[in-house]
Amino acid sequence: MCGIVAYIGKKEAYPIIVKGLKRLEYRGYDSAGVALLNNGDLNIYKKQGKVANLEEHAADKNRSGHAGIGHTRWATHGAPNDVNAHPHYSEDCNIALIHNGIIENYDAIKQRLVGNGYIFKSETDTEVLTYLVDDIHKNAGVSVAEAVRLALQQVVGAYAIVVISKDNPDQLIAARKSSPLVLGIGKDNDFFLASDATPIVEYTKKVVYMEDEEIAIVDLNEGLKLYSIDEVEKTPYVQELELQLEALEKGGYEHFMLKEIHEQPRSIKDCFRGRLNAEEGWVSLGGIKDYEEKMIKANRIIMIASGTSWHAGLVGEYLFEDLARINVEVEYASEFRYRNPIITENDIVIAISQSGETADTLAALELAKSKGATILGICNVVGSSISRITDAGSYTHAGPEIGVASTKAFTAQVTVLTLMALSLAKRKGTISETKFRTMLSELEAIPQKVQQILDKNEEIKIISEKYQDASNALYLGRGSSFPVALEGALKLKEISYIHAEGYPAAEMKHGPIALIDEEMPVFVIATSGTSYEKVVSNIQEVKARKGKLIAIVTEGDDQVDNIADHTIEIPDTDEHLVPLLATIPFQLLSYHIAVMRECNVDQPRNLAKSVTVE
Ligand code: M6R
């Protein structure tokens, strides 16, 4: 994980770096640090905890300098403390380095360096890389840039790094492999580097997304030079950023998560804008159009993802199988890649990822690609690693999601999967024209129905109050509402630290029912549709054990209302689209409970938004 930011140019580097680090805190917040070059001195400040701690620590120190590097850490090797914080630096303080990723062979390199007389201060793999660069620089008598290149040739693992040195005060050296790095070309002969474009966007829209095993040297005199790790000069591909600055701010909401929950009517609309027309009766996903025939004829479609994106995949499975009659398997990326899976050229693998950087998902995709499968992506972050390695794909267009808990990205992923399923079903002839058109109209109506649920925020807040002190919770659903139950449970546990489990409603009697007593809140999706009566029976089983029952029901329902402790009504819709609505009350319930428990909603403990380590 970790976030990195660097700047070189005429402006003061410190404010740019600190502001950028705050934007990247979603990537980790165990410690933060900066290294600033000023009149031949390299000033390094680092502190355990958030960027705010670093600011406090550096407040009375010299923060001047027109070149600097900064880091916000999610600890992998070594505890989150001041010493393990980045930047790491050579003993003579000539070279400082920031790193996102993991150097897998760090121990072997470390033993060698210890043999050469190096004494390590930290427990990190990054200090090993820093000393390796220093060792090569001194012993081979090469420039720092060349030492970086040679050091990286010895490294096994993932890295995005930026190096600064007193030797070359007009220069920053950056490189990446498997961890993201974006380079911004400023208007004023200045350069920016960051883990994503958010720290850069207010200064420039001209960016280069660095590729694997590329090294960039930005030099105030010589400009930008890009090389492959084996020294072949490359032409940078400069792109125009579409990101808007306002999208990165809270816009009056108390938390990013709340803002993102409330953005869903818009983000869902943005997701299907230009891709569906209910009146004319068509749906079209330009990005995968050329692959649809292959998808229809495929042996099977494998959806790979992690966390919330995996839950979206499970909803996708119901949609693809029921509407388009295509065989789908949904896999945890982290399990899939280590299972020696049987993959053939007739398989299609779809990776679902908000960030497009999740290490497990990326590695699983690479494995599938190496076995000849066609690989497609459903990503939110434009230009992300997954979106670049896939053969084709569809963006979710949800806009930047800053809160660590995924909300609008989930509904956008489900929207894309619905559009895909409908398009495939139409092409394959597995859906009637009437059903197809009804579903298009229903999908078009979803944003306004989401808004109706959001308008019940106060009502949901009152229900949340009753359960803020719960220690455990159960979430139940059947059919495509089962993944919604899983997602509801994940939202509650990750931001409020209440233990929660999602189950298929009928599975409850095979074990979890033993947990139910008068203290246990049970959240159930009991909307009208095929399994309604069955769910009502499950609800009776909960009430018979005195569980507290909170049910999501379809407007006008009074059967469940008579049994449940609380009901939250959602508008009626086609059964396939219920996940898009039923998930909203769960997001709000988790949000309010977490706020009432005084938890850090946007940056829950131990988590990071983008999990770029395996
Ligand atoms: O960026 P991705 O969608 O690949 O991330 C996958 C998971 O890490 C992510 O969904 C995680 O589970 C969220 N914190 C859930 O809210």
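These legends walk through a few close-up views of a predicted model.

**View 1. The ligand and its shell of residues.**
In this predicted model, the ligand is surrounded by 15 residues. Ser309, Ser353, Ser355, Thr358 and Glu494 are the closest of them. By residue type, the shell around the ligand holds 9 polar, 4 nonpolar and 2 charged residues.

**View 2. Polar atoms facing the ligand.**
Two side chains reach oxygen atoms here: a polar side-chain atom of Ser353 lies 2.6 Å from an oxygen atom of the ligand, and a polar side-chain atom of Lys491 lies 3.0 Å from an oxygen atom of the ligand. Val404 takes part through its backbone, with an N or O atom 3.2 Å from a nitrogen atom of the ligand. On its own, the ligand has 410 Å² of accessible area, and the protein covers 91% of that.

**View 3. The pocket and the parts of the chain around it.**
Step back a little, and the ligand can be seen sitting in the second largest pocket. Helix 9 (307-324) and helix 16 (481-496) are the elements that give two or more residues to the shell around the ligand. Domain 2 (250-455) and domain 3 (456-614) both contribute residues to this shell, so the ligand lies between the two domains.

**View 4. A cis peptide bond at Pro87.**
Here we turn to the backbone. Most peptide bonds are trans. The bond from His86 to Pro87 is cis, with omega near 0°. Look for Pro87 in the loop between strand 4 (67-73) and strand 5 (88-89).

**View 5. A positive phi at Asn189.**
Most residues other than glycine have a negative phi. Asn189, which is not a glycine, has a positive phi, near 50°. You will find Asn189 in the loop that runs between strand 9 (182-185) and strand 10 (191-194).

Methods. Residues are numbered from 1 along each chain as its sequence is written. This is a predicted model: local features need pLDDT of at least 70, side-chain atom pairs count only at pLDDT 80 or more; totals for chains, interfaces and linings use all residues. Side-chain values use heavy atoms; hydrogens and water are left out. A residue is near a molecule or strand if one of its heavy atoms lies within 4 Å of it. A polar contact is a pair of N or O atoms within 3.5 Å; within protein, one must be able to donate a hydrogen and the other to accept it, and residues adjacent in sequence count only if both atoms are side-chain atoms. Accessible areas come from the Shrake-Rupley method with a 1.4 Å probe; for residues, only the protein chains shown count as cover. On a 1 Å grid over the protein atoms alone, a cavity is a set of points where a 1.4 Å probe fits but cannot get out, and a pocket is an open set with protein on both sides within 12 Å along at least five of seven lines; lining residues have an atom within 4 Å of a point. A molecule sits in a cavity or pocket if more than half of its atoms lie within 2 Å of its grid points. Helices (H or I, at least four residues) and strands (E, at least two) are DSSP runs, numbered from the N terminus. Ala, Val, Leu, Ile, Met, Phe, Trp, Tyr, Cys and Pro count as nonpolar, Asp, Glu, Lys and Arg as charged, and the others, Gly among them, as polar. Domain bounds come from an automatic or database domain assignment.
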